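Grab your viewer and work through the exercises below. Try each task before you read its solution.

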Amino acid sequence: MKNFYLPADIREADIIAADKYGVPSVVLMENAAKNAAREAVRLSGDPKGSFVVLAGGGNNGGDGFAAARHLIIGGAEVTVLKSDADEAYRNDAAVNLAILRRLNGGRLRIFDTPKLIDSEISALLDGAGCIVEGLLGTGTAGAPRKEPARLIRLLEGRKKILSLDIPSGIDPENGAVYDPCVKAAETVTFLAPKRGMAFLPALEACGRIITADIGIPSNAILPQKPALSLWGLDDLHDLLPEVSRSIHKTERGNLLIYSGSGSYRGAPLLTARGALRAGAGLVFMAVPDFIAPHLSAEMPEVIVLPLATRNGEVESAPAVSVLAECLPKCAALVAGPGCGRSDGVGELFSWLWQNCRLPMLLDADMLWFFAQSGAGLPSREDVLLTPHSAEAGRILGLSPAEVDAGRAECVKALAVKTGQALLKGRNTLIASGGPLRMIGTGSPALAVPGSGDVLSGIIGAFIAAGLSIADAATAGALAHGAAGEVLEARFGLRGAFAREIADEIPAILR
């Protein structure tokens, strides 16, 4: 697991380092730059080679000036390209620029880029074994402009770029990638990674992320809780419940699934397959009566509960009776995959919200009814919403694009009324009251019909097995994402079936 912090947390940490521990900010810059210079040498492969340092007008430029000095100490040839005149630099950046000015000559050259044309700058960049990029730091907002934007465009296509703290052109808060944006081979981030660096495509722009200390223990100056934790497959094992050699099927966790309609007869099969492949005990499937014979034939491992229908739609009163009898036998409920949006389903949604005391996962059409109910629902703390961007947008009154532009804030807003939310997508996020969790596994191979139904079944099985909702959502999304990576390795990005995602789960969990 890797922790990420808000830029404001890092700025506050710098203040704490100075005020509480007496470490001047110029010393923090010195320590950060020394570590950055070491990584630049490693990336270049030649400590006495040629380096170009791009220095913007703020403290990020100051980091670049100090790193340039340490490269010179190591015997390198260094060219510093400044985006601003000397008088634009302030405080610690001005201190380090003044030192460089006294060293100017020999193995150090300093240029003001506004005085150079593109071809002159490109010629200087061409001779570098490594380019150290320190144009825009975490204090900037929006797309790069003016001279930094020109310099970033001149970096396009170059390989050995080391960015300082963050690549210029990404938003350190939300991970937005602006035009232009530096595509770094590596990023040396100071003290701790910033939250925006965890999100794709910003994560790709960072390249390999290296965290450099600034001369004081991070746990002394950073908040106890990070803004976001990135979870990887290595974290999955610690989340899974232990399985005794003498376990009985009823001790694995019984799960009730309500799914299916005339248009979506396969959704119950996929949800149940995900649950059983994830290790669920007894799986009870409440489905419209016309689906029941097909489901029993295709998956004899499940216990089928037919729900009476009229004109192809579930009748709510008989369905409530069936569900009420089954709920005491189960440890969790998954409701929504492919169930449709008839009046009877809406009445079932209301009844479940008011009367089901099991932890619930709501997906697909049940999310539609949740959005329709709005402020009329009493709050709960044991319901997991699992929307994609469009479904989340319907709940929050936003477009899918607006959701994707502010995923961290949106998933937290989703969890306000339910206690838990999982926002699906290329940056799957889980909100449950603590630090946001981001899932570090996944593949475009998962973007196929029925994939979300399988995920719901997997998470439901983990909730029924006794995991907290947050841990079950994390474990389920990690396993689901890893299964997608396996299928991508086998088939490429096209042609995988959702049922094949489910069938990879036992091997992933092993």
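Two residues are in contact here when they have heavy atoms within 4.5 Å of each other. Keep in mind that this is a predicted model.

**Exercise 1. Find where Asn-427 sits and list what it touches, leaving aside neighbours within four places in sequence.**

Step 1: start with the chain. Asn-427 belongs to the loop that runs between strand S18 (419–423) and strand S19 (429–431).

Step 2: check the exposure. The relative accessible area of Asn-427 is 4%. Buried means under 20%, so Asn-427 counts as buried.

Step 3: collect the partners. With those sequence neighbours set aside, Asn-427 contacts Ala-198, Phe-199, Leu-200, Arg-407 and Met-438.

**Exercise 2. Work out whether Thr-428 is buried or exposed, and find its contacts.**

Step 1: place it. Thr-428 is in the loop between S18 and S19.

Step 2: apply the cut-off. Thr-428 has a relative accessible area of 12%, and because buried means under 20%, Thr-428 is buried.

Step 3: list the contacts. Skipping residues up to four places away in sequence, Thr-428 touches Arg-407, Leu-422, Leu-423, Arg-437, Met-438, Ile-439 and Ala-477.

Step 4: look for a polar partner. A polar atom of the Thr-428 side chain lies 2.9 Å from the backbone oxygen of Gly-425.

**Exercise 3. Which residues carry the UniProt feature "binding site", and which of them help line the largest pocket?**

Step 1: read the record. The unreviewed UniProt entry puts "binding site" at Lys-424, Gly-425, Arg-426, Asn-427, Thr-428 and Gly-452.

Step 2: compare with the pocket. From this set, the lining of the largest pocket takes in Lys-424, Gly-425, Arg-426, Asn-427, Thr-428 and Gly-452.

**Exercise 4. How many cavities of 30 Å³ or more are there, and what lines them?**

Step 1: count. There are two cavities of 30 Å³ or more.

Step 2: take the largest cavity, with about 70 Å³ of space. It has 14 lining residues, and the closest to its centre are Thr-140, Gly-142, Gly-169, Ile-170 and Tyr-178. Sorted by class, this lining has eight nonpolar, five polar and one charged residues.

Step 3: move on to the second largest cavity, at about 30 Å³. Its lining includes Ala-445, Val-448, Leu-487, Glu-488 and Phe-491. Also among the lining residues are Gly-492, Leu-493, Arg-494, Gly-495 and Ala-496. By class, the lining of the second largest cavity splits into six nonpolar, two polar and two charged residues.

Definitions and conventions:
Residues numbered from 1 in each chain as written. Predicted model: local features only at pLDDT ≥ 70, side-chain atom pairs only at ≥ 80, totals over all residues. Heavy atoms only, no water. 1 Å grid on protein atoms, 1.4 Å probe; cavity = no way out; pocket = protein on both sides within 12 Å on 5 of 7 lines; lining within 4 Å. Points joined across faces, edges and corners; volume = space filled by probe spheres on them. Nonpolar A, V, L, I, M, F, W, Y, C, P; charged D, E, K, R; others polar. UniProt positions renumbered as here; feature names shortened; annotations may be inferred. Helix = DSSP H or I, 4+ residues; strand = E, 2+ residues; numbered from the N terminus. Buried < 20%, exposed > 50% of the residue type's maximum accessible area, 1.4 Å probe, protein only. Polar contact = N/O pair within 3.5 Å; in protein donor to acceptor, adjacent residues only side chain to side chain.
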